[in-house]
Amino acid sequence: MLTTKIIEKKVLIILGSGCAGLTAAIYAARGALRPLVIDGNQPGGQLTTTTDIENFPGFPDGIGGYELVDRMRKQAERFGATFVSDHIHTMRQDGNAFFLDGVTTTYEARAVIVATGASPYLLGVPGEAEYFGGKGVSICATCDGAFYRGKEVAVIGGGDSAVEEAIFLTRFCPKVYLIHRRDSLRASVPMAQRAKENPRVQIIWDSVLAEVLGNGQHVTGLRIRNVKTEAEQTLPCAGVFISVGHRPNSGFAAEILPTDEKGYFISLADDASCSPVDGVFLAGDCADSSYQQAVIAAGAGAKAAIAAERWLMRVVK
Ligand SMILES: Cc1cc2nc3c(=O)[nH]c(=O)nc-3n(C[C@H](O)[C@H](O)[C@H](O)COP(=O)(O)OP(=O)(O)OC[C@H]3O[C@@H](n4cnc5c(N)ncnc54)[C@H](O)[C@@H]3O)c2cc1C
């Protein structure tokens, strides 16, 4: 039984206004589909939480994360996309229609592009939030590694991503501490071996990050606690990369869309834009655990919009 009122009925709804959802909106609006974009709790998505984006094509001097998504949004609006501030808690299907239950409104659509992203896990330790995004605490070595050229940094985590990030950072940094709470890495054996053999990587076992230290402007070190002995030490370093995984924003669609064991939406083997449910298309980090970059999410948004447009041309007479 519906607890909210249907006030919006659309041909195409796009869930999420990160770079995947916004690019999908530009393409769908240019295709005269007049999409409705539902913003979710984080209008603009993850890029709004960071300062400089140096690797998005077309901006040789970099661009602020907020400015980049704001430009995308304006571009989508110019072609006729509309936006609504709401967060979907349940997605259902009834016959040919999809129903999206928001806070006070239920939305109905013939096709849906799901671009709800994935949120990086943080640790919640003192100093982490203060120095997050451009001041020394990062969640992405590919994005921010080059800012730390010649400096010592640390990576927190012990899985494949953390180890890969640590090895990647040795291209720029003379020393990379890999801080892991256990006495063996969770990463695959070859990956773990590469880290152990890399002279620039120093693994600190059985240890957790207790506090990010800084001078008010940027990170200057870390307070680390050994979980077996409770002994603490201070590591001087200029940056820390938190690499303890992402939580895909997929729970709202549990009724109809399958996910993998980590919660990422599963797409069709021959087309990453299509979910196994006819009429539901996928874009960006919510369906991509391995790349998670703005330009890739944007590209996936464009593909999903084109796929949705072709599908709608076939089924809507
Ligand atoms: C701090 C930081 C720095 C980064 N730096 C870079 C960088 O320099 N270069 C780079 O290429 N990448 C960078 N990234 C990664 C990049 O931000 C992501 O890959 C990209 O934002 C993914 O886009 P997306 O649209 O798939 O998801 P997101 O940006 O996560 O957007 C998801 C959208 O879905 C909405 N949503 C979620 N759940 C719901 C729901 N239930 N109902 C409705 N809406 C919902 C959210 O509100 C949001 O609008 C960085 C990420 C972070 C966190």
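How many nonpolar, polar and charged residues does the shell around the ligand have? I opened the notebook with that one, bearing in mind that this is a predicted model. By class I get 17 nonpolar, 20 polar and two charged residues in the shell.

**Entry 1: the ligand shell**

I then looked up which residues come nearest. Among the 39 residues around the ligand, these are Gly18, Gly40, Gly45, Gly117 and Gly284. Two elements give two or more residues to the shell: α1 (19-30) and α6 (294-315). I also checked the shell against the domains, and at least three of its residues come from each of domain 1 (5-119 + 246-315) and domain 2 (122-242).

**Entry 2: the two domains**

Next I turned to how the domains sit. The assignment for the protein chain gives domain 1 as 5-119 + 246-315 and domain 2 as 122-242. I find their C-alpha centres 32 Å apart. For contacts, I have six residues of domain 1 meeting four residues of domain 2. On the domain 1 side, the touching residues are five polar and one charged, with no nonpolar ones.

**Entry 3: the cores**

Which residues touch the most other members of the largest nonpolar core? Out of its 54 residues, the answer is Ala24 and Ile113. The elements giving two or more residues to this core include β1 (5-15), β8 (105-114), α1 and α6. Of the elements, α1 gives the most, with nine residues.

I followed Ile113 a little further. Leaving out residues up to four places away in sequence, Ile113 touches Ile14, Leu15, Ala24, Phe281, Ala283, Ala304, Ala305 and Ala308. So that I don't forget the other one: there is a second, separate core of 34 residues, with Val176, Tyr177, Leu222 and Phe241 among them.

**Entry 4: a closer look at α1**

Since α1 turned up in both the shell and the largest core, I gave this helix its own page. Is α1 largely enclosed or largely open? Eleven of its twelve residues are buried, so the rest of the structure largely encloses α1. The buried ones are Cys19, Ala20, Gly21, Leu22, Thr23, Ala24, Ala25, Ile26, Tyr27, Ala28 and Ala29.

I also ran a quick length check. Twelve residues at 1.5 Å a residue should span 16 Å, and the end C-alpha atoms of α1 are 16 Å apart, which agrees. Last note for this page: just after α1, Ala32 takes a positive phi of about 65 degrees.

Definitions and conventions
Residues numbered from 1 in each chain as written. Predicted model: local features only at pLDDT ≥ 70, side-chain atom pairs only at ≥ 80, totals over all residues. Near = placed C-beta within 6 Å. Helix = DSSP H or I, 4+ residues; strand = E, 2+ residues; numbered from the N terminus. Nonpolar A, V, L, I, M, F, W, Y, C, P; charged D, E, K, R; others polar. Domains from an automatic or database assignment. Core = buried A, V, L, I, M, F, W, Y, C linked by C-beta atoms within 7 Å. Buried ≥ 20, exposed ≤ 12 C-beta atoms within 10 Å, placed from the backbone. Contact = placed C-beta atoms within 7 Å. Expected span 1.5 Å × (residues − 1).
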